[in-house]
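User: I've got this model open and want to know what backs up the labels people put on it. Can you walk me through the reasoning?

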Amino acid sequence: AISAYQEPEKHPIPVFVYLVGFAKFIMSGGPCDLLAYLKSSTPEDQYKVIAHAHAEKTSLYLLDGLDECASVKSQLQEYIGTTLATETGRVVLSSRLAGFSDDQLAEGYEFVQLELCSVEIQKKTAKARLADTEYARFEELMSENPMFALYATTPLSLSLLIELFKHNKLINPRD
């Protein structure tokens, strides 16, 4: 983001938007307009940078959680695939597979399905989030209980398992 701010012609300015907030904005009567939502939910100085980057087409919108947008999911998907796509050519949209219809987003979008977390990724993530002594106990628990490793194949489930472990809420079924 700093590089983008310093050299916007070389680097797009990343703008992360959790779409559930945008959906709530629309459901409470706001327009289906990303800049209107950002203006209402972002500090003024940050909004000015975003609006300028949007106008100059130097923004990179990172939109997450389309699958969580309830009754306005279809409306948001159409807006992203048409209006936002023409206003800026840089949009990354993440969603669970059931979260979108490729009818509205097929043209001009590249779809990538992320792989599940391998055991190697699980270990690397746990090692980064736990102290060494905790990590050794977590790794032992995971290797003794193959079901835990199966649950840890998605980033959310892995994060939940780590948090449960940190708070001594993850119970070893053998105990």
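Analyst: Sure. Bear in mind that this is a predicted model. Let's start in the sheet: strand β2 (residues 59-64) has Ser 59, Tyr 61 and Leu 63 on a covered face, while Leu 60, Leu 62 and Asp 64 sit on the uncovered one.

User: What makes the residues of a strand split into two sets like that?

Analyst: In a regular strand, side chains alternate between the two faces of the sheet.

User: How do you know that β2 pairs with strand β1?

Analyst: Pairing takes at least two bridges, and six of them join β1 (residues 13-18) to β2, with the strands running parallel. In that pair, Pro 14 stands opposite Leu 60 and Val 15 stands opposite Tyr 61.

User: And what makes β2 and β3 a pair?

Analyst: Again the cut-off is at least two bridges. β2 and β3 (residues 91-94) have four, in the parallel sense, so they count as paired. Here Leu 62 stands opposite Val 92.

User: Why are β1 and β3 called edge strands?

Analyst: The sheet is open, with its three strands in the order β1-β2-β3. β1 and β3 each have a single partner strand, so each has one side without a neighbour in the sheet. From one strand to the next, the twist averages 15°.

User: What lies on that sheet?

Analyst: Helix α2 (residues 19-27) lies across β1, β2 and β3, at about 65° to β1. Helix α3 (residues 34-41) packs on the sheet too, touching β1 and β2, and its direction makes about 85° with that of β1.

User: What makes α3 roughly perpendicular to β1?

Analyst: The label covers 65 to 115 degrees. The angle between α3 and β1 is about 85°, so the label fits.

User: Why are α7 and α8 called roughly antiparallel?

Analyst: Helix α7 (residues 119-129) and helix α8 (residues 132-144) pack at about 150°, with axes 9 Å apart. Angles over 145 degrees count as roughly antiparallel, and that is therefore how α7 and α8 are described. α7 passes α8 in a right-handed crossing.

User: Which residues make that contact?

Analyst: From α7 there are Gln 122, Lys 123, Ala 126 and Lys 127; they meet Asp 132, Tyr 135, Phe 138, Glu 139 and Met 142 in α8. By type, the contact has four nonpolar, one polar and four charged residues.

User: How much of the whole chain is buried?

Analyst: With buried meaning under 20% relative accessible area, 32% of the 175 residues qualify. Overall, the chain has 10 helices and three strands.

Definitions and conventions:
Residues numbered from 1 in each chain as written. Predicted model: local features only at pLDDT ≥ 70, side-chain atom pairs only at ≥ 80, totals over all residues. Heavy atoms only, no water. Axes fitted to C-alpha atoms, helices over the stretch in contact; angles between N-to-C directions. Helix = DSSP H or I, 4+ residues; strand = E, 2+ residues; numbered from the N terminus. Parallel < 35°, antiparallel > 145°, perpendicular 65-115°, else oblique. Left-handed = near helix turned anticlockwise from the far one by under 90°. Contact = heavy atoms within 4.5 Å. Nonpolar A, V, L, I, M, F, W, Y, C, P; charged D, E, K, R; others polar. Buried < 20%, exposed > 50% of the residue type's maximum accessible area, 1.4 Å probe, protein only.
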